[in-house]
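Here's a quick look at how the inside of this chain is put together, plus a closer look at a couple of serines. Have the viewer open as you read.

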Amino acid sequence: RSTLFPYTTLFRSASNTVKIGYLPSDHDAALFVADAQGLYKNKGINTELVQFNNGGDLMTAMASGDVDVGYVGIAPVLSSISSGVPVKVISAAQIEGSGIIVTKNSNINNAHDLAGKTVATPGEASIQHVLLSAYLKANAMSLNDINESAMKVPSINDALKTGNLPAAITFQPYVSLGETDDNIVELVDSSEIMPNHPCCVVVASDDFIKNHENTTKDIVAIHKEATAFINKNIKDNKTGEIVKLLPKDIVANEDAEAKSLESFPFISGLDDAYKADVDAFQQAEVGLGILNKTISHEDLYWEA
C-alpha cells in the first residue's frame with residue numbers, strides 16, 4: 001500500500017473491512033448477488049463496496065492502496081500490471097457484454113460510416129477502447145479516422161437520446177437500455193468484434209493476497225457460488241430473481257436488465273481455456289499498440 005495513506009491502511013486492517021471496487025455494470029452481477037445474499041457476512045468478511053466511473057480509475061485506486069479487491073475489465077488490469085502495479089487476477093467474471101450503439105438518424109450502418117464521427121467510450125483505459133480499436137482495424141480504419149470521446153457511462157445514453165452524440169461503445173446493461181429508445185440501435189456486438197473475448201475479472205492486490213490469503217480464497221469461493229446462482233436462474237428462466245438483487249442505480253428498466261443478463265456468459269475460475277482467451281486478447285492489444293508485450297501467467301494470475 002502507498003505510504004501516503006498509512007492511517008487509512010492501519011484503520012482498514014484493524015476494522016477488517018475489505019474494500020471492493022466495482023463499475024456501474026451488471027458485468028459485476030456476482031458481486032452484487034454475493035453482497036445481497038450475505039455471502040461475505042456468512043464468511044465473516046466485512047466489505048465496503050466502492051463504485052468507480054471506469055476501470056482506469058479503479059486500478060488507480062488499487063495502485064494507491066485505497067481498494068483491496070476489484071471487479072474490473074481485463075484491459076485496465078493488463079495495462080496496470082505492465083506498468084508495475086502489484087495486482088493479480090484471482091478469477092474470471094464474465095466474457096463479452098459490450099456493444100457499439102448508434103442513433104438511427106446518424107445514418108451509421110457500418111464501420112466506415114463512423115469516419116469523422118464522435119464515438120464515446122468509457123475512457124482510453126477501458127476494454128471498450130480496445131474493442132473499438134479492433135473493430136476499426138478489422139475494417140481498414142483506425143482511431144485517427146474518428147473522434148473518440150471519454151464519457152461517464154451512465155451519461156452516454158442520455159447524450160445519444162438528446163442527439164448530442166451519434167455513436168458510442170459501452171458495456172451492459174447500457175447497450176440493452178439504449179435499445180429501449182426507438183432511435184438507438186446496436187451496430188455491432190462485442191461478441192462479433194472479438195468472439196469469446198475476456199471482459200471483467202476479479203483482481204486483488206499482491207499486498208492483500210499476501211496478508212489475507214484465506215480471505216482471498218473465500219472471496220474466490222464466494223464469487224464462484226454467486227456465479228453459479230446467476231447461471232442457474234438464467235437457465236431456469238428466472239432472470240428476474242437476479243434483477244431483484246442488483247443495485248437500483250443499475251436497474252433503470254427491469255426488462256432491459258433481464259435481456260442484458262441473458263446476453264453474455266458469466267464465468268468463474270481460471271481454467272486453461274480462459275487463459276488462452278486472455279493470451280489471444282493480449283496478443284490483440286500488442287498488435288494494436290496498446291500493450292508493449294504480453295504478460296506471463298506468473299505475473300498475471302493468483303490461484304487459490
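In the largest nonpolar core, which has 91 residues, the members touching the most other members are Tyr 40, Tyr 71, Val 89, Ile 100 and Leu 114. A nonpolar core here is a set of buried Ala, Val, Leu, Ile, Met, Phe, Trp, Tyr and Cys residues joined through side-chain atoms within 4.5 Å. Helix α6 (residues 127–138) supplies the largest share of this core, seven residues. There's also a second, separate core of nine residues, with Ile 156, Ala 159, Leu 165 and Ile 184 among them.

A bit of housekeeping: this is a predicted model, where local features need pLDDT of at least 70, side-chain atom pairs count only at pLDDT 80 or more, and totals for chains, interfaces and linings use all residues. Residues are numbered from 1 along each chain as its sequence is written, and side-chain values use heavy atoms, with hydrogens and water left out.

Now the serines. Buried means under 20% relative accessible area, exposed over 50%, partly exposed in between (1.4 Å probe, protein chains only). Contacts are heavy atoms within 4.5 Å, and those listed leave out residues up to four places away in sequence.

| Residue | Element | Relative accessible area | Contacts |
|---|---|---|---|
| Ser 133 | helix α6 | 9% | Leu 143, Leu 288, Ile 290 |
| Ser 205 | strand β10 | 6% | Met 62, Asp 68, Pro 86, Val 87 |

Helices (H or I, at least four residues) and strands (E, at least two) are DSSP runs, numbered from the N terminus. Strand β10 covers residues 200–205. The side chain of Ser 205 also reaches the backbone nitrogen of Phe 208 at 3.0 Å.

Conventions: Polar contact = N/O pair within 3.5 Å; in protein donor to acceptor, adjacent residues only side chain to side chain.
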